[in-house]
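The following note is intended for a colleague who meets this structure for the first time. Its points are numbered so that each can be checked against the coordinates.

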Amino acid sequence: MLANDKLIKVQNRDFGTVTYTIPDLNNLYREYQPNEIKQITFDELFKLSQVPGGMYIITNYLIIYDEEAVAALLGEVEPEYFYTEKQVIELMKNGTADEFEDCLNFAPSGVLDLIKDLAVKLPLNDVAKRDLILKKLSFNVANAIELSKTDVVEEEKPVTRKAAPPKASTTARKTSVPKKKVTPDEE
């Protein structure tokens, strides 16, 4: 059995911020930035697993780097549970199609979200892996890449003259200003 005060390394695997509040620990509020690693107690992890949505956060968005804590909270997990962003990138660039398909079949949703995000950012050029993502996650990488290109707005350049302005004449031009006609009702 793990000691409640044992410090455990925990990382946010997601590309977004992960937050939670634990009422049993005086409303402890914890926030993880993308890829941020924190040292927290086993007691905090255990109590997080007891709050609504806490187990989902642990399973899908946090990586617990302590096998004993993982076993106590989650039981046996698939190897994909421990995948970091670097490992996902390596798998996408150099992994076999079978390894990539296993990842898509067994990884937690946080890893799957990471795959979709990285497939667009890298971009993923392997057509077979793009097809697997479409088949398994219903996410079209090619369309997402095209859409991301349209999201990039070029910085507007200042407007400059293309030709020299005409020279102003030395005599002033007379301009006439139309006069408003007044009807008898307005007087």
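1. In this predicted model, the buried residues of helix α6 are Ser-109, Gly-110, Val-111, Leu-112, Leu-114, Ile-115, Asp-117, Leu-118, Ala-119 and Val-120. They amount to ten of the 13 residues of α6, so that the helix is mostly covered, a residue being counted as buried under 20% relative accessible area. The helix covers residues 109–121. From its first C-alpha to its last, α6 reaches 18 Å, close to the 18 Å expected at 1.5 Å a residue.

2. The largest nonpolar core has 22 residues. Those with the most contacts inside this core are Val-88, Met-92, Phe-100, Leu-104, Ile-115 and Ile-133. Two or more residues each come from α4 (85–94), α5 (97–106), α6, α7 (127–137) and α8 (141–151). Which element gives the most to this core? It is α6, with seven residues.

3. Met-92 deserves a separate entry. Leaving aside residues up to four places away in sequence, Met-92 touches Phe-100, Ile-115, Leu-118, Ala-119, Leu-122, Leu-124 and Lys-129. Of these partners, Ile-115, Leu-118 and Ala-119 are among the buried residues of α6. Another core, of 21 residues, lies apart from the largest one and includes Tyr-20, Val-51, Ile-64 and Tyr-81.

4. The loop that follows α6 should also be inspected. Pro-123 lies between α6 and α7, and the peptide bond that leads to Pro-123 from Leu-122 is cis, with omega near -20°. Leu-122 is also one of the residues that Met-92 touches.

5. As to the overall arrangement, the secondary structure comprises eight helices and five strands. Read from the N terminus, the elements follow the order β-β-β-β-α-α-β-α-α-α-α-α-α. Of the 187 residues in the protein, 34% are buried. Among contacts between residues at least 6 apart in sequence, 57% join residues at least 24 apart. The accessible surface comes to about 12900 Å², and carbon and sulfur atoms account for 52% of it.

6. Strand β2 (18–22) shows an alternation of its side chains. Val-18, Tyr-20 and Ile-22 point to one face and are buried, while Thr-19 and Thr-21 point to the other and are not. Tyr-20 is also among the residues of the core of 21 residues. With β3 (28–32) as its partner, β2 pairs in the antiparallel sense over five bridges. Within this pairing, Thr-19 stands opposite Glu-31 in β3.

7. The hairpin of β2 and β3 has five residues between the strands. Asn-26 and Asn-27 both lie in this loop. Phi of Asn-26 is near 55°, a positive value in a residue other than glycine; for Asn-27, phi is likewise positive and near 55°. Are these residues buried or exposed? Asn-26 is exposed because its relative accessible area is 76%, above the cut-off of 50%. Asn-27 is exposed as well, because its relative accessible area of 51% is over 50%.

8. Strand β4 (residues 37–41) has a covered face formed by Lys-38 and Ile-40. Its uncovered face holds Ile-37, Gln-39 and Thr-41. Strand β1 (residues 7–12) pairs with β4 in the antiparallel sense, over five bridges. Ile-8 stands opposite Ile-40 of β4, the latter being on the covered face.

9. Gln-50 belongs to helix α1 (residues 42–50). Its relative accessible area is 51%, and Gln-50 is therefore exposed, the cut-off being over 50%. Gln-50 and Asp-24 are 26 residues apart in sequence, yet their C-alpha atoms are 9.6 Å apart in space.

10. A final point concerns confidence. The protein averages a pLDDT of 88, and 86% of the residues score at least 70. Among the elements, β4 has the highest mean pLDDT (98) and α8 the lowest (86). Where pLDDT is low, the predicted coordinates should not be read in detail.

Note on methods. Residues are numbered from 1 along each chain as its sequence is written. This is a predicted model: local features need pLDDT of at least 70, side-chain atom pairs count only at pLDDT 80 or more; totals for chains, interfaces and linings use all residues. Side-chain values use heavy atoms; hydrogens and water are left out. Helices (H or I, at least four residues) and strands (E, at least two) are DSSP runs, numbered from the N terminus. The expected span of a helix is 1.5 Å times one less than its number of residues. Buried means under 20% relative accessible area, exposed over 50%, partly exposed in between (1.4 Å probe, protein chains only). A nonpolar core is a set of buried Ala, Val, Leu, Ile, Met, Phe, Trp, Tyr and Cys residues joined through side-chain atoms within 4.5 Å. Contact means heavy atoms within 4.5 Å. Accessible areas come from the Shrake-Rupley method with a 1.4 Å probe; for residues, only the protein chains shown count as cover. pLDDT is the predictor's confidence in each residue, from 0 to 100. Two strands pair if DSSP finds at least two bridges between them.
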